[in-house]
Amino acid sequence: MTESVLDYMTRLGRAAREASRVIARATTAQKNRALDAAADALDVARAELTAANEKDLAAGCANGLEASLLERLALTPARIDDMIEGLRQVAKLPDPIGEIRDMRYMPSGIQVGKMRVPLGVIGIIYESRPNVTIDAASLCLKSGNATILRGGSEAIHSNQAIAACIQRGLAAADLPAAVVQVVETTDRAAVGALISMPEFVDVIVPRGGKSLIERISRDAKVPVIKHLDGICHVYIDIAADLDKAIRIADNAKTQRYAPCNTMETLLVHAVIAKRVLPPLAAIYREKGVEMRGCARTRELLGDALDATEEDWRTEYTAPILSIRVVDGLSEAIEHINHYGSHHTDAIVTENFTDARRFLTEVDSASVMVNASTRFADGFEYGLGAEVGISTDKLHARGPVGLEGLTSEKYVVYGDGHVRT
């Protein structure tokens with residue numbers, strides 16, 4: 001009899017729960033050995049990874065996959081290098097599990113502190129990017145969690161090839177294969193099953209389009225760590241160094257168009273708009289970026305289209321940029337907090353007071369001074385990698401690395417103490 005999707009996912013969930021207890025007590029050396037062995041396996045399997053990825057890319061082209069999704073799907077030699085480096089970086093990171101902090105004596109004589117512990121089983125649902133398989137697996141493994149990875153059907157061959165390398169790493173460290181499981185069915189019912197198993201899954205992390213994340217947030221029966229949009233801003237202040245401003249605003253938009261930390265709206269102080277927008281616009285034109293602007297922007301840039309209300313709240317993931325001229329820092333902060341997605345926003349300024357006010361008042365997971373929004377990811381933050389970026393305010397916020405995949409429990413030491 002053929003196994004149903006629900007039965008299959010239940011089997012994965014049960015195996016993950018059992019494996020979570022093994023990985024939770026694994027030593028740091030054992031976890032690092034698995035990570036390094038998986039990195040070695042990836043290096044050896046470059047040809048197999050490329051061949052599997054080419055199957056996915058060919059199928060994506062045949063199915064009319066958007067250019068931005070094809071770009072995310074591609075496993076270039078550089079991305080394979082990044083996956084290998086990511087594994088080795090995570091292996092070098094301090095192990096948070098078992099760390100006890102804030103031990104203190106209470107008036108009763110007991111000692112009370114907090115110990116960092118794994119979350120348990122983490123389900124990760126993602127689209128297009130096969131490198132997420134490595135990022136998620138490595139961070140979950142190092143933080144003592146078992147994980148069930150459900151990648152998109154468009155990356156099925158790539159994900160299976162990567163999973164084979166991870167399994168070699170686990171075997172080399174004598175860890176159970178169920179510590180990292182990649183869902184092998186492309187049936188969408190697998191997602192519904194994964195987000196509805198609180199007895200087996202402790203947390204869900206979705207990475208993908210807004211519709212996917214909205215659906216999971218609505219239907220999940222377990223907690224979700226997520227962000228819906230990446231509507232990121234750069235504000236060029238009246239006190240900006242214009243060379244820095246042009247360099248940052250160019251990089252934040254054009255270094256890559258698809259990532260969630262790419263700038264989608266540029267805000268410029270009215271006093272310096274005439275000096276900064278024309279040279280920036282020349283760069284954007286040369287790179288094929290379509291500009292949509294407010295009335296004052298269009299006066300300065302004759303070829304800018306009229307920005308609608310919807311443009312200010314749109315994540316393009318494409319060579320399109322909204323531009324607004326504002327009268328000052330207050331208006332910039334108000335615009336960001338009203339239209340932004342609480343992901344990543346940056347100010348370019350040499351004024352310390354303006355910088356501090358921006359850092360304090362902009363309500364986003366990452367807030368930057370004189371730096372491109374493209375730095376907002378786990379690798380650049382020294383986390384080794386990330387399973388995603390959270391714009392929620394409970395548990396984890398910003399790039400979610402090792403610490404974001406753990407919790408804390410109270411630990412108490414006594415010596416025969418009883419409460420009176």
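**Exercise 1. Which helices each supply at least two residues of the lining of the largest pocket?**

Before we start, a word on the model: it is predicted, so local features need pLDDT of at least 70 and side-chain atom pairs count only at pLDDT 80 or more, while totals for chains, interfaces and linings use all residues. Residues are numbered from 1 along each chain as its sequence is written, and side-chain values use heavy atoms, with hydrogens and water left out.

*Solution.*

Step 1: fix the terms. On a 1 Å grid over the protein atoms alone, a pocket is an open set of points where a 1.4 Å probe fits, with protein on both sides within 12 Å along at least five of seven lines, whereas a cavity is a set from which the probe cannot get out; lining residues have an atom within 4 Å of a point. Grid points are joined across faces, edges and corners, and the volume is the space filled by probe spheres set on the points. Helices (H or I, at least four residues) and strands (E, at least two) are DSSP runs, numbered from the N terminus.

Step 2: look at the pocket. Its volume is about 1,200 Å³. A total of 45 residues line the largest pocket, and the closest to its centre are Arg129, Asn131, Arg207, Arg256 and Pro259.

Step 3: pick out the helices. They are H4 (67–73), H5 (77–92), H6 (131–142) and H9 (210–219). With four residues, H5 gives the most to this lining.

Step 4: sort the lining by class. There are 13 nonpolar, 16 polar and 16 charged residues. Here Ala, Val, Leu, Ile, Met, Phe, Trp, Tyr, Cys and Pro count as nonpolar, Asp, Glu, Lys and Arg as charged, and the others, Gly among them, as polar.

**Exercise 2. Describe the second largest pocket and find the element that gives the most to its lining.**

*Solution.*

Step 1: take the volume, which is about 350 Å³.

Step 2: turn to the lining. It has 14 residues, with Glu127, Arg150, Gly152, Arg188 and Leu212 nearest the centre. Strand E3 (121–126) and H9 are the elements that give two or more residues.

Step 3: name the main contributor. H9 gives the most, with three residues.

Step 4: divide by class. The lining holds four nonpolar, five polar and five charged residues.

**Exercise 3. Follow three salt bridges and say which parts of the chain each one ties together.**

*Solution.*

Step 1: recall the idea. Side chains of opposite charge can pair when their charged atoms come close. A salt bridge here is a side-chain nitrogen of Lys or Arg within 4 Å of a carboxyl oxygen of Asp or Glu. The whole structure has 28 salt bridges.

Step 2: start with Lys31 and Asp95, whose side chains meet at 2.9 Å, N to O. Lys31 lies in helix H2 (28–44) and Asp95 in the loop between H5 and strand E1 (100–105), so this pair ties together parts 64 residues apart in sequence. Lys31 is buried at 0% relative accessibility (buried means under 20% relative accessible area, exposed over 50%, partly exposed in between, with a 1.4 Å probe and protein chains only). Asp95 is buried too, at 17%.

Step 3: move on to Asp40 and Arg88, with the closest N and O atoms 2.7 Å apart. Asp40 belongs to H2 and Arg88 to H5, so the link spans parts 48 residues apart in sequence. Asp40 is partly exposed at 40%, and Arg88 is partly exposed at 25%.

Step 4: finish with Arg101 and Glu408, where the closest N and O atoms are 2.6 Å apart. Arg101 sits in E1 and Glu408 in strand E16 (406–413), so parts 307 residues apart in sequence are tied together. Both names return in a network of salt bridges that links Arg101, Asp102, Arg116, Glu403 and Glu408.

**Exercise 4. Which strands stand at the edges of the open sheet E5-E4-E3-E6?**

*Solution.*

Step 1: read the pairing. Four strands form this sheet, and the pairing is parallel (two strands pair if DSSP finds at least two bridges between them).

Step 2: find the edges. E5 (180–182) and E6 (203–207) each have a single partner strand, so one side of each is left without a neighbour in the sheet.

Step 3: check one pair. Five bridges join E3 to the parallel strand E4 (146–150), and Ile125 stands opposite Arg150 in E4.
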